[in-house]
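Trainee: Could you take me closely through one part of this model, going step by step and keeping to what the coordinates support?

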Amino acid sequence: MVSTPSGSAASAAPAHRGGIGPLLRAWRERRRLSQLELALRAGSSARHLSFIETGRARPSEEMVLRLAEHLDVPVRERNALLLAAGYAPRYPETPLDDPALDALRDGMERLIGGYEPYPALVVDAGYTVVAANRGVALLLEGVPEALLAPAPNAMRLTLHPQGLAPRIRNLREWRGHLLAQMERQIALHRSDALRELYEEVAAYPVPAHAEEEEPAGPVAHFALPLRIEHEGRVLSFVSSIATFNTPMDVTVAELAVETFLPADPATAKYLRSQVG
């Protein structure tokens, strides 16, 4: 349905054998910045940055964090950069069930509850559903228990032939959107587990009925709609994804809140009648 752990940060982000240089260069090239452009943004020099990338200079911890900030490196990968430079990880990776995150969990539950009757859920970096409201439960009615527990995965729930896939009227289009989204996440996080999930869901057979259908009424043209059947009705949604601003914990940084807003008045009316 969506369009993003536990354990120590050190174990999740092992030091790079080649040092920080190759990692830093890879991030710079991914962001399509020259050494001069990045150096100017970070208040350094192209010469110093070149020395770092070639292993001739070791950056300070402050410089590593400054470069990571200007390269928009994910929090988990910032720990990897620090380790590769010989420093301790800066960002912890607190298990979501840790008492220290009680306020976070309570806030997420209240947030997605506030979207009812519209569907909303929270996923982690591997698309595991960590919270969902009653609007999501409505759409998942009839999905086999094997896909729902334990720790249901949003991509499996959506694309599995026994999940929501047979109900999605624009499945080929929506499937393409989700797979492209996963490809971007794999490129960003370099996660073997995420790649394995991608290969699994990409191999699911597409139901024979999954031909693109023209919607019966007006649709929102500002975003790709999800058109899904429920109890003989076709509901239409547009989705949005939100993440936490300036997170200081790997777990928190990798959480995403996805909401599905009705793309037409009929969908909104139906959901209000079903989720009291």
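Mentor: A polar contact here is a pair of N or O atoms within 3.5 Å, where one must be able to donate a hydrogen and the other to accept it. This is a predicted model, and in it the side chain of Glu 93 makes such a contact with the side chain of Arg 76, at 2.8 Å. Glu 93 is found in the loop between α6 (75–84) and α7 (102–114), and Glu 93 counts as buried because its relative accessible area is 8%, where the cut-off is under 20%.

From there I would turn to the hairpin that β3 and β4 form, with two residues between them. Strand β3, residues 226–230, is mostly covered, since four of its five residues are buried, and five bridges join β3 to β4 (residues 233–242), the two running antiparallel. In the turn, Glu 231 has a positive phi of about 55 degrees, while Leu 226 stands opposite Phe 237 in β4.

Phe 237 then leads into the interior: Met 182, Val 201 and Phe 237 are the residues with the most contacts inside the largest nonpolar core, which has 39 residues. The largest share of this core, six residues, comes from helix α11 (residues 171–189). Leaving aside residues up to four places away in sequence, Phe 237 touches, among others, Pro 119, Leu 139, Leu 226, Ile 228, Phe 260 and Leu 271. Apart from this core lies another, of 27 residues, including Ile 20, Leu 23, Leu 24 and Ala 39.

How values were computed:
Residues numbered from 1 in each chain as written. Predicted model: local features only at pLDDT ≥ 70, side-chain atom pairs only at ≥ 80, totals over all residues. Heavy atoms only, no water. Buried < 20%, exposed > 50% of the residue type's maximum accessible area, 1.4 Å probe, protein only. Pairing = 2+ DSSP bridges. Core = buried A, V, L, I, M, F, W, Y, C linked by side-chain atoms within 4.5 Å. Contact = heavy atoms within 4.5 Å.
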